[in-house]
Amino acid sequence: MSEFEPCRIRLPDGYEAYARYWRPAGGTRGAVLYLHGIQSHCGWYEASARRLREAGLAVLQPDRRGSGQNSQERGHAESAEQLINDTLACLDELLRRSGLRRAHLIGISWGGKLVAAVHVTEPARIASLVLVTPGLFPLVGVSNTEKFRIGLAMVSNRTASFDIPLNDPALFTSIPERTRFLEVDPLQLHQATAGFYLASRRMDKTAQALGEAPAIPLHLMLAGDERIIDNERTRQFVRDLRWPSRALTTYQHSRHTLEFDPDREPYLEDLVSWFIDPSAYCAGPRAETARHP
């Protein structure tokens, strides 16, 4: 018997998106909507989803439209609003399945930007936010030449595809086993359309307005050996929120994908502990922590 239930979620425009629902065996202690990054898919994050399920949390992991096991309109999105509304539809599905009124949101890398934008748009049903190496301030991006080509494609062909500049597995992990997985992963997204790039850029403004949204518990998780995002700008962004309930944890020897760390136990333990009781992280020495595996 599978640990998760594969399912399809009907998005507002009728798109049928693949997802995994991890149903806890006993009583449900909470619900978690789990969003992946620009290049990844829910299959990258099985270990954390499994650990959350074992702790009594209902977890929904959708593959974003055009990514993972969704072959229709590969790498494409029409707008930031479409991506946000897709996520809200997934939130509806999770709350329906779990029977709860609110859910925690976790966003990995680019998914962290989407999580922030969703909270700005519709905060009422969100219990807490976890931003894991979030793509709010990237260090790696498309070149100026590619930006020009993408701009031209917005006029002539919104579905024209362009490389995602993250195809070096060493950006994500230093572990040979995980490097090999990334090298052969058939579901990994290597290109996105001009429409998606524009949607992502327009989402930046919404995500970076997070401080104007209602304050809820927030946990920022960063990799000490980060090569994709700007850790300092991200830390300062979260500090400047001045939300009363927030925590910041840095995993000193990890790279971008904390799930692929050689010792991921501290990260997995922190995820479970946060979703069970966010308040335990938001005061005293745990509010800003450097973890040394």
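The following exercises, each with a worked solution, concern helix packing, aromatic contacts and burial in a predicted model.

Residues are numbered from 1 along each chain as its sequence is written, and side-chain values use heavy atoms, with hydrogens and water left out. In this predicted model, local features need pLDDT of at least 70 and side-chain atom pairs count only at pLDDT 80 or more, while totals for chains, interfaces and linings use all residues.

**Exercise 1. Determine what span helix H3 should have and how far apart its end C-alpha atoms are.**

Solution. Helices (H or I, at least four residues) and strands (E, at least two) are DSSP runs, numbered from the N terminus. The expected span is 1.5 Å times one less than the number of residues. For the 12 residues of H3 (residues 110-121) this gives 16 Å, and the end C-alpha atoms are 17 Å apart, which agrees.

**Exercise 2. Establish how many residues of H3 are buried and what covers them.**

Solution. Buried means under 20% relative accessible area, exposed over 50%, and partly exposed in between (1.4 Å probe, protein chains only). By this criterion 10 of the 12 residues of H3 are buried, so the helix is largely enclosed by the rest of the structure. Among them are Trp-110, Lys-113 and His-119. The cover, with contact meaning heavy atoms within 4.5 Å, includes strands S3 (30-35), S5 (103-108) and S6 (126-132), together with helices H2 (80-98) and H6 (194-207).

**Exercise 3. Classify the packing of H2 against H3 and identify the residues that meet.**

Solution. Two packed helices are described by the angle between their axes and the distance between the axes. Axes are lines fitted to C-alpha atoms, for helices over the stretch in contact, and angles run from 0 to 180 degrees between N-to-C directions. H2 and H3 pack at about 80 degrees, with their axes 10 Å apart. Angles under 35 degrees count as roughly parallel, over 145 as roughly antiparallel, 65 to 115 as roughly perpendicular and the rest as oblique; H2 and H3 are therefore roughly perpendicular. From H2, Leu-83, Ile-84, Thr-87 and Leu-88 meet Trp-110, Leu-114, Ala-117, Val-118 and Thr-121 of H3.

**Exercise 4. Characterise the aromatic pair of Phe-4 and Trp-22, then that of Trp-44 and Phe-260.**

Solution. Rings of Phe, Tyr and Trp (its six-membered ring) pair if their centres lie within 6.5 Å; planes under 30 degrees apart count as stacked, over 60 as edge-to-face and the rest as tilted. The structure holds 10 such pairs. For Phe-4 and Trp-22 the centres are 5.1 Å apart and the planes stand at 45 degrees, so the pair is tilted. Phe-4 lies in the segment before strand S1 (5-10) and Trp-22 in strand S2 (residues 16-22), so the pair ties together parts 18 residues apart in sequence. Phe-4 counts as buried at 17% relative accessibility, and Trp-22 counts as buried at 0%.

Trp-44 and Phe-260 also form a tilted pair, at 5.6 Å centre to centre and 40 degrees between the planes. Trp-44 lies in the loop between S3 and helix H1 (46-54), and Phe-260 in the loop between strand S10 (246-251) and helix H8 (265-276), so the pair ties together parts 216 residues apart in sequence. Both Trp-44 and Phe-260 are buried, and one aromatic cluster contains them along with Tyr-34, Tyr-45, Phe-172 and Phe-181.

**Exercise 5. Describe the setting of Ala-31.**

Solution. Ala-31 lies in strand S3 and is buried, with a relative accessible area of 1%. Its C-alpha atom is separated by 8.6 Å from that of Leu-105, 74 residues apart along the chain. Beyond four places in sequence, Ala-31 touches residues including Leu-57, Leu-94 and His-104.
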